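These are my notebook entries on a single model, written up in the order in which I looked things up. I begin with two helices and then go on to the annotated sites and the ligand.

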Amino acid sequence: MTTRTPLMAGNWKMNLNHLEAIAHAQKLAFALADKDYEAVEVVLLPPFTDLRSVQTLVDGDKLKLRYGAQDLSSEDSGARTGEISGSMLAKLGCAYVVVGHSERRQYHGENEETCNAKVRAAFRHGLVPILCVGEGLDVRKAGEQVPHTLAQLDGALRDLPVEQAARLVIAYEPVWAIGTGEVATPENAQEVCGAIRARLAELYDSGVAEQVRIQYGGSVKGDNVAAIMAQPDVDGALVGGASLDADEFVRIVRFRD
Ligand code: PEP
């Protein structure tokens, strides 16, 4: 069986300017010992305007922190005012990019087609997409969370070649748990993460399914992370609010302590 390195990613959303970003990243870097980085991959996802600051800090201090962006354009260059391309992110040393966060779907009308185009754009520039999927409260109440989430997955991965699929990160983020303080139970998280892995085996093969890291996201904190990480198909967390508190994020990274 493949051993998947846990991936803890902090989505800062639209918080922290480029000076605050340096202070926050520095605090995290000092708090995380070398052994944390070895056991867990730690990824910062700041706003676009902070990326250069984070890059300078990581390069200058030779930190093992990795970082990425919260979105990218589906296009590589040209007349797309206000957008940022995958090549720009790659040039800034980004390793990851979030695709299809529920806030992008809600406020910017992103759907399976845009997610598919953005996943492809990410891979064109060597970025690993963190593809977000997950159901809203109405879907959860109707008990349709698995088919709903798998339909989002199928759409975003349409015609994606196997060698790219194997590198993906998928974040299962039930929308009702994001920023609400209402975390999914470990069993809720496992049900959908397990179904995602089974679908990857159907769409590709068992090798791909074993390799892909699946995160849970939605009100993850230091005191609930261990139970969620104990689930066999949960390989990490996508953390919003708690990633803005350095001490709390370090507790999440050290979920095994
Ligand atoms: C997120 O923004 O992806 C998220 C999971 O937020 P929070 O941890 O605040 O629920």
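**Helix 1**

I took helix 1 to start with: it has 14 residues and reaches 20 Å from its first C-alpha to its last, close to the 20 Å expected at 1.5 Å a residue. I keep in mind throughout that this is a predicted model.

I next asked which residues of helix 1 are buried, and found A21, H24, A25 and L28. Seen down the axis of helix 1, these buried residues fall within an arc of 95 degrees, so they line one face of the helix. On the face turned away from that buried side I noted the exposed residues L19 and F30. As for what the buried residues of helix 1 pack against, I listed strand 2, helix 3 and helix 13.

**Helix 3**

Since helix 3 had come up as a packing partner of helix 1, I turned to helix 3 itself, residues 51-60, where L51, S53 and V54 are buried. Viewed along the axis of helix 3, its buried residues fall within an arc of 160 degrees, so they too line one face of their helix. D59 and G60 are exposed on the other side of helix 3. The buried residues of helix 3 pack against helix 1, strand 2 (41-45) and strand 3 (66-69). Just after helix 3, I noted that K62 takes a positive phi of about 50 degrees.

**Active-site annotation**

Where does UniProt place the feature "active site"? The record, an unreviewed entry, gives H101 and E173. These positions are spread over 73 residues of sequence, yet they cluster in space, with a largest C-alpha distance of 8.4 Å.

I then looked at each of them in turn. H101 lies in the loop between strand 4 (96-99) and helix 5 (102-108), and H101 counts as buried because 27 C-beta neighbours lie inside 10 Å, where 20 or more are required. Not counting residues up to four places away in sequence, H101 touches Q70 and C132.

E173 is found in the loop between strand 6 (169-172) and helix 10 (186-203), and E173 is buried, with 28 other C-beta atoms within 10 Å. With residues up to four places away in sequence again left out, E173 touches S102, C132, G134, I178, G217, G218 and L238. C132 is thus listed among the contacts of H101 and also among those of E173.

**Binding-site annotation and ligand**

I went on to the annotation "binding site", which the unreviewed UniProt entry assigns to N11, W12, K13, G179, S219, G240 and G241. Although these residues are spread over 231 residues of sequence, they cluster in space, the largest C-alpha distance being 13.8 Å.

Which residues come nearest to the ligand? Of the 14 residues around the ligand, I noted I178, G179, G217, G240 and G241 as coming nearest. By class, the shell around the ligand has 5 nonpolar, 7 polar and 2 charged residues.

From the annotated positions I picked W12 and G240 for a further look. W12 sits in the loop between strand 1 (7-11) and helix 1 (18-31), and W12 counts as buried with 22 C-beta neighbours inside 10 Å. Leaving aside neighbours within four places in sequence, W12 is in contact with L45, P46, P47, S243 and L244.

G240 has its place in the loop between strand 8 (236-239) and helix 13 (246-253). I recorded G240 as buried, with 23 other C-beta atoms within 10 Å. Its contacts, apart from neighbours within four places in sequence, are N11, K13, I178 and G179; of these, N11, K13 and G179 also belong to the "binding site" annotation.

**V234**

Is V234 buried or exposed? V234 is buried, with 24 other C-beta atoms within 10 Å, and its place is in the loop between helix 12 (225-229) and strand 8. Not counting residues up to four places away in sequence, V234 touches A189, Q190, C193, I214, Y216, I228 and M229. To close, I compared V234 with I22: the two are 212 residues apart in sequence and 30 Å apart in space, C-alpha to C-alpha.

Technical notes. Residues numbered from 1 in each chain as written. Predicted model: local features only at pLDDT ≥ 70, side-chain atom pairs only at ≥ 80, totals over all residues. Near = placed C-beta within 6 Å. Nonpolar A, V, L, I, M, F, W, Y, C, P; charged D, E, K, R; others polar. UniProt positions renumbered as here; feature names shortened; annotations may be inferred. Helix = DSSP H or I, 4+ residues; strand = E, 2+ residues; numbered from the N terminus. Buried ≥ 20, exposed ≤ 12 C-beta atoms within 10 Å, placed from the backbone. Contact = placed C-beta atoms within 7 Å. Arc of directions from axis to C-beta. Expected span 1.5 Å × (residues − 1).
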